[in-house]
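Ready for a few exercises on reading a protein model? Try each task yourself before you look at the solution.

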Number of protein chains: 2
Amino acid sequence: MIPEKALLVTIEHALGTLPYPQSPSSLYEPVAYTLDGGGKRLRPLLALMTAAALGADPATALHQAVAMEMFHNFTLIHDDVMDRSATRHGRPSVYASRGAVQAILSGDALLSMAVSELAAEAGDRLAAALDLFGRVSQGVYQGQQYDMEFEERADVTLAEYMHMIELKTSVLIGGSCAMGALMAGAGADVQTAMYDYGVALGLAFQLRDDWLDTYGDPAVFGKPIGGDIANGKKTWLHLRACELDPAAMASATAITDRDARIEAVRAVYDRLGIGDLCTQACDSLSEQAVGSLAAAGLTEEYAEWFAALARRLATRDR
Amino acid sequence: MIPEKALLVTIEHALGTLPYPQSPSSLYEPVAYTLDGGGKRLRPLLALMTAAALGADPATALHQAVAMEMFHNFTLIHDDVMDRSATRHGRPSVYASRGAVQAILSGDALLSMAVSELAAEAGDRLAAALDLFGRVSQGVYQGQQYDMEFEERADVTLAEYMHMIELKTSVLIGGSCAMGALMAGAGADVQTAMYDYGVALGLAFQLRDDWLDTYGDPAVFGKPIGGDIANGKKTWLHLRACELDPAAMASATAITDRDARIEAVRAVYDRLGIGDLCTQACDSLSEQAVGSLAAAGLTEEYAEWFAALARRLATRDR
């Protein structure tokens, strides 16, 4: 079995040696800055590991795996403009350091570079890869649209929230698994099984993110705790609590003082056991991801790696 | 020979019946609004007419022709955000009517839709079409980058300006001709000849635009005259005048009062004969475009249509 670390080294090398047009440097420097910004490289790792698990040389899917990571980074550049986010991966965002105009244009350049990377050495799988990429892309845009619209709405349901994060986060993670399967020459059923695995994994990942923002250890998580509550974000915790005790949530979220509001909302969560409910939902989703693997027909050691990853991400502390 | 009007009807029909995801409507409505906004449809017309001129059924290149128009419209949506432009084709821009955030996200969705449209029914020409599309896209972004940087610079040369407008405008027009040739199954030499035609045509088109902004008839041109001078835009007229009499241009452009500045700069232009020099440069470029046609081996009637188009655009009054 190919070690995860070897694939991560391959991914960093491929990202670090991408061909850029020589000029204008101001256009491509923010692209290189973003791709150099680290992150978990979860999407290309899943694509390459899927290809390997299906018996292919991971090199077969390398350009396409890197294209998924490039697309992901393009969305981060534009999301940071739309959300006016000053930091990304612990560094100034392109938006904050180069301005909105440069972030828009360099983001566009990165999206088109991702398409070109997707096409590289795709052979007779190019049309199918592009089709998958196109569906994933529209899903991500739709998720971002819903996310922005939910901020303005007071009646968002938990089901709507799950649909939104599936589009905004999970479709790209599932799509990365499916891309690896596609490039490995797997049939539609195996592609679907790996896609379903990635979608459930992505949902568990996002719910754990919601949990960590309230219940994480700030020293380990690396971010201040309570930001979601303070900003009135409609997370899984918030929406589940609103289902169980809308009156208590209405009172707690109406408190003006930031710290008092965090404390009051958290007290409601604790009384309702929201933290445990979220952990259970996370576990359930990671087991759903593991269950999807059965239809992919992986060898035992690879199936174990994918199962362990799902459980690791659903219980991570940072 | 296929009439231009028949191709324009085909293009409008294809643009009007594009498949959109059903929701969220707020994401795709600005896309439909933009594609419905008219314009000359020059790029898809050139692609289809090139395919026809090379003996192919224009339907062979229809998806790819429409993709070029979609890409063009995507650049308009994002350019209007970057330039804070309130109007486009005589209507409120997406930026002005839906806001910057929506314009960014709907523009992204349109770019990805354009890629999917490019791939539709491309058959074994998909890889080559994507390669051309990728090079054209990066050229357009580079042109926009230079355009923005030139605004901040006082030492832009005429050669730099021509390079910028070639990237920002001409590469997409030349690329549309080359796309039509590629989809018609033409060889590299014919693709290059049609690309060169389109690039020279695009340069003539832009220089005529510069000329019209100062010397056009406002009643015919449809825009107020003198906007470029008032805004200190580094057009062909401005840069050529700076070459010939930098001192006079420095004095004239330093005048604070808007109308007085327009009058003074125009007086310098008139004394130096800049209007005629621009007309000559336009004519020279349109003849260069016509000259490129020789290597494409078109039948006489199609060659005449392309030559007439180049001369028409280089001498247009609006």
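**Exercise 1. In which loop of chain B is Pro24(B) found, and what is the peptide bond from Ser23(B) to Pro24(B) like?**

Solution. Keep in mind that you are looking at a predicted model.
- Step 1: Pro24(B) sits in the loop between helix 1 (4-16) and helix 2 (25-35) of chain B.
- Step 2: Now look at the link from Ser23(B) to Pro24(B): this peptide bond is cis, and its omega is near 0 degrees.
- Step 3: Turn to chain A, where a cis peptide bond joins Ser23(A) and Pro24(A), with omega about 0 degrees. Pro24(A) lies in the loop between helix 1 (4-16) and helix 2 (25-35) of chain A.

**Exercise 2. Work out whether Arg41(B) and His89(B) are buried, partly exposed or exposed.**

Solution.
- Step 1: Find Arg41(B) in the loop between helix 2 and helix 3 (42-53) of chain B. Its phi is near 55 degrees, which is positive even though the residue isn't glycine.
- Step 2: The relative accessibility of Arg41(B) is 2%, so it counts as buried. The cut-off for buried is under 20%.
- Step 3: His89(B) is in the loop between strand 1 (87-88) and strand 2 (91-92) of chain B. His89(B), not a glycine either, has a positive phi of about 50 degrees.
- Step 4: At 41% relative accessibility, His89(B) counts as partly exposed.

**Exercise 3. Explain why Cys278(A) and Cys282(A) aren't bonded through their sulfurs.**

Solution.
- Step 1: Recall that a disulfide is a covalent bond between the sulfur atoms of two cysteines.
- Step 2: The cysteine sulfur closest to that of Cys278(A) belongs to Cys282(A), and it is 5.1 Å away. A disulfide needs the pair within 2.5 Å, so this one is too far for a bond.
- Step 3: Cys278(B) gives 5.1 Å to the sulfur of Cys282(B), again too far for a bond.
- Step 4: Check the whole structure: the search turns up zero disulfides over all chains.

**Exercise 4. Which residues of helix 12 (residues 236-244) of chain A are buried, and what covers them?**

Solution.
- Step 1: The buried residues include Trp236(A), Leu237(A), His238(A), Leu239(A) and Ala241(A).
- Step 2: Their cover includes helix 8 (158-183), helix 9 (188-215), helix 13 (246-253), helix 14 (258-272) and helix 15 (274-292) of chain A.
- Step 3: Zoom out to the whole chain: 56% of the 318 residues of chain A count as buried.

Conventions:
Residues numbered from 1 in each chain as written. Chains lettered and ligands numbered in written order. Predicted model: local features only at pLDDT ≥ 70, side-chain atom pairs only at ≥ 80, totals over all residues. Heavy atoms only, no water. Buried < 20%, exposed > 50% of the residue type's maximum accessible area, 1.4 Å probe, protein only. Helix = DSSP H or I, 4+ residues; strand = E, 2+ residues; numbered from the N terminus. Contact = heavy atoms within 4.5 Å.
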